[in-house]
Every structure is written in C-alpha cells, then in structure tokens.
Amino acid sequence: MQSSRRRWLMISFAFWATVINYLDRQTLSVAAPVLREQFHMSNVEYSRVVFAFLLAYTLSNGISGPVIDRLGTKLGYALCMAWWSVAALLHSFATGALNLGIFRFLLGIGEAGNWPAGVKVATEWFPESERALASGIFNSGSAVGAILAPPIVAWILLRYGWPAAFVAVGAVGLIWLALWLPAYHTPPAAAAEFEAPPIPVRELVRTRFVLGFTFSKIFLDPVWYFYLFWFPEYLKRARGFDMAAIGKYSWIPFALAGAGNFLGGGLSGRLLRRGASVTVARKSAVTFFAAFMTSAIGAVLVQQAWLAIALVSIAMLGYTGSLANMLAMPGDVFPKSSVASVYGLASMGSGFGGMLFTLITGWVVDHYSYTPVFIGFGLLPLICATILWLLVGELRPIGIRPTIRRITLEEANIPN
C-alpha cells in the first residue's frame with residue numbers, strides 16, 4: 001500500500017521536471033519577438049537558433065537514454081536537470097544570434113534526457129494498464145510549463161528584462177534537483193529486474209520496434225515543436241499581437257493540450273479493460289487523436305484570431321493524446337532496464353524531424369506565408385499513425401535469455 005501511494009509522488013517529480021523543462025524551453029519562444037528585434041534576426045536566422053537546440057537534442061537523445069539506464073533513474077535524471085538548468089542560466093549572457101544558438105545547443109543536450117527518464121519512472125512504478133495514464137500525467141507537465149511560460153516570462157521580461165527571465169527558470173530547476181536526490185528510489189518490485197544489464201544499443205537499433213517507432217516520431221513530434229517555437233511568432237507577425245497579448249492568449253492551446261494527456265491515456269486504458277490487445281489499444285488511440293491534429297489546417301484559413309487559437313488548441317490536444325500512448329509503448333515491449341535507451345534512441349527521429357521541418361518552416365515563411373506550413377503540420381500526424389500500423393508490429397514483451405542477458409533475433413522481431 002505504501003509503495004502504491006508512493007508511485008504518485010514519483011510520477012509527480014517527473015511531472016514537475018517536465019514543467020521546468022518547458023519553462024526553460026518556452027522562455028525563448030515568448031522572448032523571441034524582443035530578442036529578434038534586439039539581435040536583428042530574420043526568420044531564417046531564428047530558425048537556425050531553434051535548429052541548434054534540436055541538433056543537440058537529437059544527438060543527446062541517442063546518448064541520454066543509455067546513460068540513464070546505466071546510471072539509474074535517480075542519478076541519470078539528476079544529471080540531466082543540473083545540465084539544462086545551468087544552460088538556461090547561461091542564456092542571460094547572450095549578446096547575439098551566435099552565442100544564443102550556442103546556449104540553445106547546450107540546453108538541448110540536457111533537456112533530451114527528460115523523456116527517457118520520465119518513461120523510465122512510469123515503467124518502474126506503474127503496471128501496463130496504467131502506464132499510458134502515468135505517461136500522460138508526467139507529459140502533461142509540458143502543457144503546464146507552456147501555459148505558465150507566456151504570462152510569467154512576459155511579466156518578468158516587461159518588468160526586469162529578458163535576461164532575468166532566463167535566470168528565474170534556471171534557478172527553479174536547481175530547486176527541483178535538491179528535492180529529487182533525497183526522495184527517489186527504485187521500487188522494490190522492480191529492483192530484481194534492474195539487476196539485469198540494459199540491452200546493448202547495437203541490438204536495440206536492429207529491432208523492428210525501434211526502427212519503426214523512430215521513423216514514426218519523425219512525423220509527429222515536429223508538429224509540437226512548431227507550435228512551441230513558432231506560435232508566439234505567428235501571433236505577432238500574422239495576427240498582429242503585441243507582447244502583452246501574446247502573454248495573455250498564447251497559453252490557451254497548451255491548456256487544452258494538458259487535457260489530451262489524460263484523455264489519451266484514459267482511452268487506451270479503457271480499450272485494454274474491454275479486452276483489446278495492447279497493440280490495438282495503443283495504436284487506435286494514437287490514430288484517433290492524430291485525426292484531431294488536422295484542425296490546424298483550418299486555423300490558418302479563418303479570419304478570426306480567436307477561432308484560429310481554438311483550432312490550434314484542438315490540434316495540440318490531439319498531439320498529447322497521441323503522445324501519451326507512444327510514451328507507454330517502449331515499456332510494453334522492452335524490459336524496464338532498457339526503456340530509457342529505447343525511448344532516447346527513438347527520439348532521435350523526433351529531433352531529426354524537428355531540425356528538418358524547422359529549417360523548412362523558416363524558409364517557407366520568409367518566401368511564402370504560414371499557410372502551407374499549417375497545412376503540412378496538419379497532415380504529418382496521419383503519416384505517423386500509418387507508420388505505426390504498418391511498420392512497428394505487435395506490442396508484446398520480448399524475452400531475455402537469463403544466462404547471457406541477450407535478446408535473440410526472433411524475440412527482438414528483427415525483419416529478415
């Protein structure tokens with residue numbers, strides 16, 4: 001009973017880490033109109049600053065997951081938080097696009113570890129039927145952080161200047177770190193499984209699941225990055241919002257996105273309780289919520305700004321509903337000792353897609369408008385859902401040979 005209650009405390013730590021992660025990340029988005037004017041950045045130059053973050057994020061995903069599996073959740077999560085909090089503080093010293101991009105690169109290195117670590121916490125403490133919900137709970141921190149960032153950052157920026165905003169969000173991460181280290185431990189029920197070493201990365205990257213899952217994330221996560229990094233800019237450039245209005249209204253889509261985490265986890269959990277297989281429950285939930293994301297197409301076509309924000313909000317709910325189920329998938333297939341590695345490796349796909357589509361976004365906006373960008377990001381999630389159904393295969397636990405702790409080709413579902 002005590003362990004059952006304690007699991008909610010542990011997932012709350014992952015939730016608050018994700019809130020802080022997005023406060024740090026979103027500070028640039030909110031401050032972008034001011035920074036772009038001060039540093040004289042074009043859309044292409046701004047896209048390169050965002051690209052620097054995503055480049056580091058992509059490379060670090062392939063490293064942070066295995067590192068967290070090796071060090072354990074407690075130390076691995078602590079290392080990531082310490083790194084990205086210090087990187088956030090460094091932003092206050094930026095003097096131009098170049099060193100701003102360098103500080104974003106450093107931030108991306110640390111922030112990449114949040115989701116592999118959070119997935120590991122959810123897998124350690126929650127059973128299969130509750131894992132998507134637990135993943136949705138910690139991932140809802142991204143929406144909460146994005147909700148809090150516009151009003152808080154805009155207030156600090158207008159009152160104290162943009163450097164103070166970066167200092168404030170970096171300091172909050174160090175407070176989390178001081179609370180995390182004495183509080184976290186691996187649950188007794190999972191301790192025996194963690195005695196086995198993680199599956200080597202060279203074997204993970206040959207599995208059908210990791211290959212297909214990585215490919216699918218190329219077409220889902222860049223949609224979120226677009227709203228995260230470009231939506232305040234869109235409100236300013238295309239809808240005529242000033243900084244005060246951006247702080248007042250740009251949080252709304254993220255509020256609805258928070259609900260998507262719970263709806264997505266709840267839908268697959270309900271399907272599982274009704275007898276659906278894990279494969280059908282997870283993939284059906286992803287597809288259902290991916291369809292919501294097509295509402296972004298209408299957002300750029302309507303005249304009323306409030307209606308555009310409403311349609312973007314529906315799209316963002318669709319994203320988090322889909323992601324809650326994708327966060328649970330590695331734990332459905334791989335042992336607990338390897339889930340951080342799996343999600344980290346797969347997230348290299350999201351980082352690659354984010355880099356590619358961010359550069360495309362900057363170029364298209366400079367040469368055309370936001371219209372083709374919104375249409376494209378409305379359709380990409382349907383490609384992700386199609387890939388999950390066609391390429392990922394069944395979501396069933398793989399086996400581990402107890403004598404040598406290595407998965408067989410058949411168990412890993414490696415295509416011939």
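How are helix 11 and helix 17 oriented to each other? They are oblique, and the close-up views of this predicted model take up that pair along with two other helix contacts and a cavity.

**View 1. Helix 11 crosses helix 17 at roughly 50°.** The axes of helix 11 and helix 17 come within 8 Å. Angles from 35 to 65 degrees fall outside the parallel and perpendicular classes, so this pair counts as oblique. The crossing of helix 11 past helix 17 is right-handed. On the helix 11 side, look for D221, P222, Y225, F226 and W230. Facing them from helix 17 are S350, G353, G354, F357, T358, T361 and G362. Sorted by class, the residues of this contact are five nonpolar, six polar and one charged.

**View 2. Helix 10 meets helix 18 at roughly 165°.** Here the partners are helix 10, residues 208-217, and helix 18, residues 371-391. Their axes come within 8 Å. An angle over 145 degrees counts as roughly antiparallel, which is why helix 10 is described as roughly antiparallel to helix 18. Helix 10 passes helix 18 in a right-handed fashion. To find the contact, pick out R208, G212, F213, F215 and S216 in helix 10, then C384, I387, L388, L390 and L391 in helix 18. Seven residues of this contact are nonpolar, two are polar and one is charged.

**View 3. Helix 16 packs on helix 17 at about 130°.** Helix 17 appears again, this time with helix 16 as its partner, and the two axes are 8 Å apart. At this angle helix 16 and helix 17 are therefore oblique to each other. The crossing is right-handed. From helix 16 come L323, M326, L327, P330 and G331, and they meet V339, V342 and Y343 of helix 17. What classes make up this contact? Seven of its residues are nonpolar and one is polar, with no charged residue.

**View 4. The largest cavity holds about 150 Å³ of space.** Searching the whole structure turns up three cavities of 30 Å³ or more, and this view is centred on the largest of them. Its lining consists of 17 residues. Which of them lie nearest the centre? They are Y57, W115, D221, Y225 and Y319. Two of these names, D221 and Y225, will be familiar from View 1, where they belong to the helix 11 side of the contact with helix 17. Several elements give two or more residues to the lining: helix 1 (2-39), helix 2 (43-71), helix 6 (128-160), helix 11 (221-237), helix 16 (305-333) and helix 17 (339-367). By class, nine lining residues are nonpolar, five are polar and three are charged.

Conventions
Residues are numbered from 1 along each chain as its sequence is written. This is a predicted model: local features need pLDDT of at least 70, side-chain atom pairs count only at pLDDT 80 or more; totals for chains, interfaces and linings use all residues. Side-chain values use heavy atoms; hydrogens and water are left out. On a 1 Å grid over the protein atoms alone, a cavity is a set of points where a 1.4 Å probe fits but cannot get out, and a pocket is an open set with protein on both sides within 12 Å along at least five of seven lines; lining residues have an atom within 4 Å of a point. Grid points are joined across faces, edges and corners, and a volume is the space filled by probe spheres set on the points. Helices (H or I, at least four residues) and strands (E, at least two) are DSSP runs, numbered from the N terminus. Ala, Val, Leu, Ile, Met, Phe, Trp, Tyr, Cys and Pro count as nonpolar, Asp, Glu, Lys and Arg as charged, and the others, Gly among them, as polar. Axes are lines fitted to C-alpha atoms, for helices over the stretch in contact, and angles run from 0 to 180 degrees between N-to-C directions. Angles under 35 degrees count as roughly parallel, over 145 as roughly antiparallel, 65 to 115 as roughly perpendicular and the rest as oblique. A crossing is left-handed if the near helix is turned anticlockwise from the far one by less than a right angle, and right-handed if clockwise. Contact means heavy atoms within 4.5 Å.
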